[in-house]
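Take a walk through the fold shown here. Where does the chain hide its residues, and which parts cover which?

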Amino acid sequence: MITCAVVVPSPPLLVPDLVPGAVERGAAVRDATVAAARALARAGRRWVAVGVADRRQTVQPGTRGGFGGFGVDVPVALSESARESESTLPLAALVAAWLREQAGAQSVRVELVASDAEVAECVALGRQLAEADEDGLLVVGDGSTRHPAAPPGWPDDRAEGFDAAVRSALSDADCEALLSIDPALAGELQAGGRAAWQVLAAFARASGDWRGELLYSAAPFGVAYHVAEWTRQ
């Protein structure tokens, strides 16, 4: 039974080898993310992760991959005994595998939902996960990419209010607030984590009472990164 869930972002800058000239710039979000993963590992070493990709798919724990598509082929594995290589794992799966290794977890199964998935689809997956036999839930996804520090011509005035609402919902373990996020607005603001957060909300709503704690929330590079821990009460 899942007793702990953590929310983390998915930027490649989490992996120091991918950003050799900017390791310190990403230290705050990296440290918070790794700390959250280690808290999840203390709750249990067998995880299921939810992330966002271009289509619905499941990546089994026996899979290995690497960050070659992001400049440096840092190898990662979804379990200690993974043998099957996959050259094109989505970023959310790669980040889940990297965090598994950083935290010393045994395995992680990755459930990927389409970035434009309907809320009902997210709810259905969340309800399924309420019956999962893993120990922990890792939720991978970023907030809006359109904050003031974004490249010229890209910021959107709605981004700050959007991610403030997400921040509050994650802090309070407010399932209804997460489920009320408008997919169309999230799409316009390039908030890639929307579908994964809604899977989390449906899971938590179906599995008991949860308490939230916000560990990090900022948009240092124009992209909002949220890190939170939810524990079963």
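Start inside helix 7. Its buried residues are Arg194, Ala195, Ala196, Trp197, Gln198, Val199, Leu200, Ala201, Ala202, Phe203, Ala204 and Ser207. That makes twelve of the 14 residues of helix 7, which is mostly covered. This is a predicted model. Helix 7 spans residues 194-207. From first C-alpha to last it reaches 20 Å, close to the 20 Å expected at 1.5 Å a residue. Gly208 comes just after helix 7 and takes a positive phi of about 125°.

Step back to the whole chain. It holds seven helices and ten strands. Its radius of gyration is 16 Å, close to the 17 Å that the globule rule gives for 233 residues, so the chain is as compact as a globular protein of that length. Along the principal axes, the C-alpha atoms fill a box of roughly 45 × 45 × 30 Å. Of the 233 residues, 55% count as buried. Contacts reach across the sequence: among those with a separation of 6 or more, 73% join residues 24 or more positions apart.

Now the surface and the charges. The accessible surface comes to about 9700 Å². Carbon and sulfur atoms own 47% of that surface. The chain carries 20 positive and 30 negative charges. The mean positions of the two sets are 4 Å apart.

Turn to helix 1, residues 27-43. It has 17 residues and reaches 24 Å between its end C-alpha atoms, close to the 24 Å expected at 1.5 Å a residue. Its buried residues are Ala27, Val29, Arg30, Ala32, Thr33, Val34, Ala36, Ala37, Ala39, Leu40 and Ala41. An α-helix has 3.6 residues a turn, so residues three or four places apart point the same way. What covers the buried residues of helix 1? The cover includes strand 1 (4-8), strand 2 (46-53), helix 2, strand 8 (136-140), strand 9 (210-218) and strand 10.

One part of that cover, helix 2, deserves its own look. Helix 2 runs over residues 91-103. Its 13 residues reach 18 Å from first C-alpha to last, close to the 18 Å expected at 1.5 Å a residue. Helix 2 is mostly covered, with ten of its 13 residues buried. They are Ala92, Ala93, Leu94, Val95, Ala96, Ala97, Trp98, Leu99, Arg100 and Ala103. Just after helix 2 comes Gly104, with a positive phi of about 75°.

Follow the chain on to strand 7, residues 107-114. Ser107 lies in this strand. Is Ser107 buried or exposed? Its relative accessibility is 11%, so Ser107 counts as buried; the cut-off is under 20%. Beyond its neighbours within four places in sequence, Ser107 contacts Arg45, Arg46, Trp47, Pro61, Leu78, Ser79 and Arg100. Of these, Arg100 is also one of the buried residues of helix 2.

A second serine sits in a loop. Ser10 lies between strand 1 and helix 1. At 11% relative accessibility, Ser10 counts as buried. Outside the four places on either side in sequence, Ser10 is in contact with Leu91, Val95, Val140 and Asp142.

Asp142 leads to strand 10, residues 225-232, where Tyr225 has its place. Tyr225 touches Asp142, and also Pro9, Pro11, Leu13, Val29, Tyr216, Ser217, Ala218 and Pro220, not counting residues up to four places away in sequence. Its relative accessibility is 4%, so Tyr225 counts as buried. How far is Tyr225 from Val108 in space, C-alpha to C-alpha? The two are 22 Å apart in space and 117 residues apart in sequence.

Two loop residues remain. Ala173 sits in the loop between helix 4 (158-172) and helix 5 (175-179). Its phi is near 50°, a positive value in a residue other than glycine. Ala173 is buried, with a relative accessible area of 12%. Gln190 belongs to the loop between helix 6 (183-188) and helix 7. Its phi, near 55°, is positive too, in a residue other than glycine. Gln190 is partly exposed, with a relative accessible area of 40%. From that loop the path returns to helix 7.

Conventions: Residues numbered from 1 in each chain as written. Predicted model: local features only at pLDDT ≥ 70, side-chain atom pairs only at ≥ 80, totals over all residues. Heavy atoms only, no water. Helix = DSSP H or I, 4+ residues; strand = E, 2+ residues; numbered from the N terminus. Rg over C-alpha atoms; globule rule 2.2 N^0.38 Å. Buried < 20%, exposed > 50% of the residue type's maximum accessible area, 1.4 Å probe, protein only. Contact = heavy atoms within 4.5 Å. Areas by Shrake-Rupley, 256 points an atom, 1.4 Å probe, with all protein chains shown as cover. Lys, Arg positive; Asp, Glu negative; His and termini not counted. Charge placed at Lys NZ, Arg CZ, Asp CG, Glu CD. Expected span 1.5 Å × (residues − 1).
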